[in-house]
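Me: I am new to reading protein structures. Could you show me this one and help me see how its descriptions are reached?

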Amino acid sequence: MNSENKTNINYYPGHMAKTKRLIKEKYNLIDIFYEVIDARMPKSSKIKDIDEMFKDKPHILIMTKYDLCDTEVTNKWVDYYKKMGYHIVCLDLTKNDITTKLVNITHDLTDDLQQKRIEKGLAKKDIRALVIGVPNVGKSTLINRLVGRKAASTGNNPGVTKNLSWLKTNSDILLLDSPGILWPKLDNETQALNLASLASIPIDILPIDRVAIYILHILEKYYPKILKERYNIERVNEDISITYDEIGKRIGAVVSGGDIDYDRVSRTILEDVKQERIKGITFDRIDD
Ligand SMILES: Nc1nc2c(ncn2[C@@H]2O[C@H](COP(=O)(O)OP(=O)(O)OP(=O)(O)O)[C@@H](O)[C@H]2O)c(=O)[nH]1
Ligand SMILES: [Mg+2]
């Protein structure tokens, strides 16, 4: 990480500190943890120090929003994490029938624990899984899929889940939903911009035009076709400010006197990513 990439964004609402405290209290009850990350940012959405926090528990890395990512790039991350020894499952949670694989891996990873109980003459127990991850990655949506009904509240904004709660699934797994957590300081600017671009931190934490221009840079560099098609632009200019102006004209974000309404352009770009009108993109690159 070079020094230019250093930042110091303080975004750590009180409920995150509280969540970490509550998770620590429940630690002994948890048999396995499901760490949920966004397939469009396999690195930036991974919580720092989480492996350390749960080092003696089985762990499955779940990449949600696989339908929205650039699979070519994201699959390189999947290989990377597999090589590091992670059990990993990629999911498109808009589909219903995706959970068998996850349930099977959960049974494999908790088999030892069940066998030990049987040896002691005890019955098999319900497996308790903690679902953990940064805000808005799909933790509650995953839980609803596993439970088979809308048991947990979901929404396309960070901070929807406010409390920890246990939910029973169709199989022998109990799930603990948790509010999204981050680390106290976002000290890497690229990571903060990725989280902001994909709505895992609120829109007002970073200047909106900075986030929008960052998204445009990513699109210009890696996904010019998507950028051209979305905004009906003929040629993507390397000078992002020209593209930014052109988008303003295309979407009619022009104020009297002919000036571009930059705030509106920025909001449109962010909203287009959030509402999945811009998709097939992955922000983290393995070779960066
Ligand atoms: N396209 C797509 N959307 C998804 C997927 N998973 C979740 N979403 C959407 O992502 C948004 C956030 O989902 P939630 O389940 O509320 O996320 P969360 O991690 O519980 O968020 P917090 O409680 O705020 O931390 C919702 O609009 C979901 O519909 C997925 O695999 N694909
Ligand atoms: Mg939630």
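Reply: Happily! Keep in mind that this is a predicted model. We can start at the ligand: helix H6 (residues 139–147) gives three residues to the shell around ligand 1, the largest share.

Me: Which residues come nearest to ligand 1?

Reply: Leu93, Gly138, Thr154, Thr161 and Gly180 come nearest, out of 26 residues around ligand 1.

Me: What makes up the shell around ligand 1, by class?

Reply: The shell holds 13 polar, eight nonpolar and five charged residues. Gly counts as polar here, so Gly138 and Gly180 belong to the polar class.

Me: Let's move on to the helices. Why are H7 and H8 called roughly perpendicular?

Reply: Set the angle against the cut-off. Helix H7 (residues 189–197) and helix H8 (residues 208–222) pack at about 95 degrees, with their axes 10 Å apart. Angles of 65 to 115 degrees count as roughly perpendicular, and therefore H7 and H8 earn that description.

Me: How do you know which residues of H7 and H8 meet?

Reply: Two residues are in contact if their C-beta atoms lie within 7 Å. On the H7 side these are Leu193, Ala196 and Ser197, and they meet Val211, Tyr214 and Ile215 in H8. By class, this contact has five nonpolar residues, one polar and no charged ones.

Me: What makes H8 roughly perpendicular to H10?

Reply: The same kind of check works. The axes of H8 and helix H10 (residues 240–250) come within 10 Å and cross at roughly 105 degrees. The range for roughly perpendicular is 65 to 115 degrees, so H8 and H10 fit the term. In this contact, Ile213, Leu216, His217 and Glu220 of H8 meet Ile240, Thr243 and Tyr244 of H10. The classes are four nonpolar, two polar and one charged.

Me: And the whole protein: how many helices and strands are there?

Reply: The protein has 11 helices and eight strands.

Me: Why is the protein called as compact as a globular protein of that length?

Reply: Its radius of gyration is 21 Å, and the globule rule gives 19 Å for 288 residues. Those values are close, so the description holds.

Me: Where do the domains lie?

Reply: The domain assignment gives domain 1 (9–177) and domain 2 (207–274). Their C-alpha centres lie 35 Å apart.

How values were computed. Residues are numbered from 1 along each chain as its sequence is written. Chains are lettered from A and ligands numbered from 1 in the order in which they are written. This is a predicted model: local features need pLDDT of at least 70, side-chain atom pairs count only at pLDDT 80 or more; totals for chains, interfaces and linings use all residues. A residue is near a molecule or strand if its C-beta atom, placed from the backbone, lies within 6 Å of it. Helices (H or I, at least four residues) and strands (E, at least two) are DSSP runs, numbered from the N terminus. Axes are lines fitted to C-alpha atoms, for helices over the stretch in contact, and angles run from 0 to 180 degrees between N-to-C directions. Angles under 35 degrees count as roughly parallel, over 145 as roughly antiparallel, 65 to 115 as roughly perpendicular and the rest as oblique. Domain bounds come from an automatic or database domain assignment. The radius of gyration is taken over C-alpha atoms; the globule rule is 2.2 Å times the number of residues to the power 0.38.
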